Amino acid sequence: MSASSSIPYARQWITEEDIQAVEEVLRSPYLTQGPKVEAFENDLAEVTGAPHAVAVSNGTTALHLASALVGLKPGSLGVTSPITFAATANCLLYCGARVRFADVDPFTGLMQIDSLQEILEEETKRGLEESSVIMPVSLAGRAGDLPEIREIAEKFHCMVVEDAAHSLGATYADSKKLLSGSGSCRHTDAATLSFHPVKHICCGEGGAFLTANSDLAEKARHLRSHGICKPFENEQDTDLKTPRWFQEQTDLGWNYRMTELQAALGISQLKRLPEFIDRRRQLAKRYRQEFSTSPYRDLIQMPPEDNGHAYHLFVLHFPDSRIRNSAYEFLRERNIGSQVHYIPVYRHPYYEELYGRQRLPGAEAYFGGCLSIPLYPKLSDEEQEIVIDTLKEFCLTF
């Protein structure tokens, strides 16, 4: 491959088996509301360790469902990270909550426990609502400190929802060194996933709501389909006075259903998740080895290693935004994709108008130097070599 070929920062990997799985659905009687969705949900529950998985149309609808199901209401508090895609905070607003941003570690981008504690103590003095929710973001493939967050949540009577869109397949350890999976809901009330093409598995679009609470799972299935139920769908009594076609809306829900096409692709992709994560970790290991030497280490820092990291992204940290922006342009001019994940949510004009100007030191430090470089299972060794060599060329210019 020549250096002039385009290398994106992320890309899905679709195989002939994936195409055949979708084609099979196209030839079936069901394009939506068929058996594939339930089969995909069962597979997700097995892979994540969450007792219940509810498939939905995308990651944002999963977050919105989760926010509604754990009791957020107008005026209640939602605490999340500013280093995330805007949808995380937006879904708290959809439920009428007040959003506060806890600061993050300047290298991992994960929620700082001390900052979360401080916010909840402040809010308690003002009269903290019992329907308050903490929504930590497991970022770039690394799970947040969920056991610690759960302890704090119990102290302040908050619910916890993990935004696990980046971390399918990641693991984390508690104080007893016991491993849990991101999305397992062992230390949270719920979790959400995304199956956008750049994520660990791809459904085109798609998402999932995960929980250990059977009542929440049942309510999620109800609300994802308009809040409409068919009271006698499984009833065997043929003498019922109510006709079989009868259905009624009992709650205000949404059309957040996943299609059979998405589910079929998800089932096929999920079979290769271990292979995908192994490859991501292999690529990350090589980046770490290279960038720990000169001239890279003179200009680039990396987050600390984590054996449970699932490497949705590989994030480099430059000394400041000027150098980071120069690196972005340098790579772009050589047809290598990179991206900044993320502009702090509180910096977006909508949030500045809503809450005023905010600046958190950890989030600003993370944002000021972060750059995600190419990392995805289909990235070849040759393509990775081009990325490494190009970054070496950039480093040597300073």
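Biologist: How many aromatic pairs does the count come to?

Modeller: This is a predicted model, and the count comes to 16 aromatic pairs.

Biologist: What makes W254 and Y256 a stacked pair?

Modeller: Their ring centres are 5.4 Å apart, with 10 degrees between the planes. Rings pair if the centres lie within 6.5 Å, and planes under 30 degrees apart count as stacked, so W254 and Y256 fit on both points.

Biologist: Okay, and why is Y256 called buried?

Modeller: Buried means under 20% relative accessible area, and Y256 has 14%, so the label fits.

Biologist: Why is W254 called partly exposed, then?

Modeller: W254 has a relative accessible area of 23%. Partly exposed runs between the 20% and 50% cut-offs, so that is where W254 goes.

Biologist: How do you know that the charged end of R272 sits over the ring of W13?

Modeller: The cut-off is within 6 Å of the ring centre, plus an angle limit of 35 degrees from the ring normal. The end of R272 is 5.3 Å from the centre of the W13 ring, so the distance passes, and the pair is listed as sitting over the ring. R324 likewise lies over the face of F367, at 5.4 Å from the ring centre.

Biologist: Which residues touch the most other members of the largest nonpolar core?

Modeller: Those are Y287, F291, F314, F318 and I373, in a core of 74 residues. Helix α13 (residues 381-395) gives the largest share of this core, six residues. Apart from it there's another core, of 26 residues, including A53 and M258.

Notes
Residues are numbered from 1 along each chain as its sequence is written. This is a predicted model: local features need pLDDT of at least 70, side-chain atom pairs count only at pLDDT 80 or more; totals for chains, interfaces and linings use all residues. Side-chain values use heavy atoms; hydrogens and water are left out. A nonpolar core is a set of buried Ala, Val, Leu, Ile, Met, Phe, Trp, Tyr and Cys residues joined through side-chain atoms within 4.5 Å. Buried means under 20% relative accessible area, exposed over 50%, partly exposed in between (1.4 Å probe, protein chains only). Helices (H or I, at least four residues) and strands (E, at least two) are DSSP runs, numbered from the N terminus. Rings of Phe, Tyr and Trp (its six-membered ring) pair if their centres lie within 6.5 Å; planes under 30 degrees apart count as stacked, over 60 as edge-to-face and the rest as tilted.
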